[in-house]
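Could you walk me through this model, stop by stop? I have it open in a viewer and would like to know what to select next and what is there.

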Amino acid sequence: MTWLKPSWQAVLAILFCLVALALGAMSKPEAAALAQPTATTIYPYMGTKGLILGLLLIAALVSAVRLAPVVEAAVLFIGAHIAAWLLIKGIAGFEGTALAPYFLALAAAWLLAWRCVALLSSLRPAANGAKTALRLIIPAIFGAWILIIWEAVTRGAGIPFILLPPPSAIGARIANSLPILGSDVRQTIFKAVLIGYIVGNLAGFVVAILADRVPFLRRGLLPIGNMVSALPIIGVAPIMVMWFGFDWPSKAAVVIIMTFFPMLVNTVAGLAASGHMERDLMRTYASGYWPTLLKLRLPAAMPFIFNALKINSTLALIGAIVAEFFGTPVVGMGFRISTEVGRMNIDMVWAEIAVAALAGSVFYGVVALVERAVTFWHPSVRGG
């Protein structure tokens, strides 16, 4: 039977669907309706239960047949996502009533999506456009299923909103609070984070050059840098607020402290990364310190410098938000989180967290793109 090639995900998904069919009702209202057939009980999945399980079974069975990977991935994608959408749509309004077949169907859809991502990851297209599309599609599906499982589990299990709101509620809160979120982003990211990030990294880079040039600075600064980098932010932030006031300069000062020493340490290490043979070659050309630094040592240190920039892109955002907990004007992401937690508006807290995560990811991605453009010669970039 060479035309069959069932994956373990498809086999397990089929098993889950058969068990769900055998168990019967997917929700408590449906179980009550089955117990009293004469009663006019409204329950979820009245006309879609067979469609959901049928889609999952068909997609799993088709994936067991030897097909082209692209065709198999397309079938799995359609079956898994339509079934998941119907599951979430059906449980809306009946939160907390899901039974075991509901979670078995959800697990089956997740397994088929897993198989889809595995197939897409195994593809090796020749065209650059297809490679770029795969690099975007695979993490998009992976991230979407984190949200799908989050939504389905919180609604199906009836997790209290105050503990964990579903992503749909967080998305609705973001859509209804765009002016507030926009002002918070301007205060925290475009003022405190960006200014502190630029000043902290630039200062760390300049001091690293001085420490490389003057040996006693290198021997004295690095141990102090290790000590200062271990300072707790919750201890530094109140001091910066007292020194620089409640507005964004105090938050930028915290960001400068957090980003200065990672850049210093990484740049010093990067300046020592060039080999002795390359340095000897520069000496044979009668090259002095500054030409050697600009033409050999700084290019060799670029992977280390960008490593510090990527680390600091997340540290800066964390530092600014935490610093806003200790005194700020009535605007800012940290201020909003601390205030809305006290008011028990958990959906707004999650909205701020989502916006911060998105901003941090975009920030990191921009730095990574610049790194690929600058260090195109490095083996890690050529291999990727």
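Here is a short tour, starting with the whole chain and moving on to single residues.

**Before you start**

This is a predicted model, in which local features need pLDDT of at least 70 and side-chain atom pairs count only at pLDDT 80 or more, while totals for chains, interfaces and linings use all residues. Residues are numbered from 1 along each chain as its sequence is written, and side-chain values use heavy atoms, with hydrogens and water left out.

**The whole chain**

Show the chain as a cartoon: there are 16 helices and zero strands. Helices (H or I, at least four residues) and strands (E, at least two) are DSSP runs, numbered from the N terminus. The radius of gyration is 28 Å, well over the 21 Å that the globule rule gives for 384 residues, so the chain is more spread out than a compact globule. That radius is taken over C-alpha atoms, and the rule is 2.2 Å times the number of residues to the power 0.38. Turn the C-alpha trace along its principal axes and you will find spans of about 90 × 60 × 30 Å.

Now switch on the surface. Of the 384 residues, 42% count as buried; buried means under 20% relative accessible area, exposed over 50%, and partly exposed in between (1.4 Å probe, protein chains only). Among contacts (heavy atoms within 4.5 Å) between residues at least 6 apart in sequence, 74% join residues at least 24 apart.

**Helix H3 and helix H4**

Select Gly50, which sits in helix H3 (residues 49–63). At 57% relative accessibility, Gly50 counts as exposed. Add Leu21 to the selection: the two residues are 29 apart along the chain, and their C-alpha atoms are separated by 8.9 Å.

Next, select residues 69–91, helix H4. Its 23 residues should span 33 Å at 1.5 Å a residue, and the end C-alpha atoms are indeed 33 Å apart. The expected span is 1.5 Å times one less than the number of residues. Just after H4, look for Gly93, with a positive phi of about 90 degrees.

**Helix H9 and helix H11**

Move to Ile224 in helix H9 (residues 215–229). Ile224 is partly exposed, at 44% relative accessibility. Phe261 is 37 residues away in sequence from Ile224 and 9.4 Å away in space, C-alpha to C-alpha.

Helix H11 covers residues 248–271, and Ile257 is in it. Ile257 has 28% relative accessibility and counts as partly exposed. Show its side chain with those of Val228, Val236 and Met240, which Ile257 touches when residues up to four places away in sequence are not counted. Gly196 and Ile257 are 61 residues apart in sequence, yet 8.5 Å apart in space, C-alpha to C-alpha.

Is Pro262 buried or exposed? Also in H11, Pro262 counts as buried, at 18% relative accessibility. Leaving aside neighbours within four places in sequence, Pro262 is in contact with Ala308, Asn312 and Leu315.

**Last stop: Met344**

Select Met344, in the loop between helix H14 (333–342) and helix H15 (346–374). Most residues other than glycine have a negative phi. Met344 is not a glycine, yet has a positive phi of about 65 degrees. At 49% relative accessibility, Met344 counts as partly exposed.
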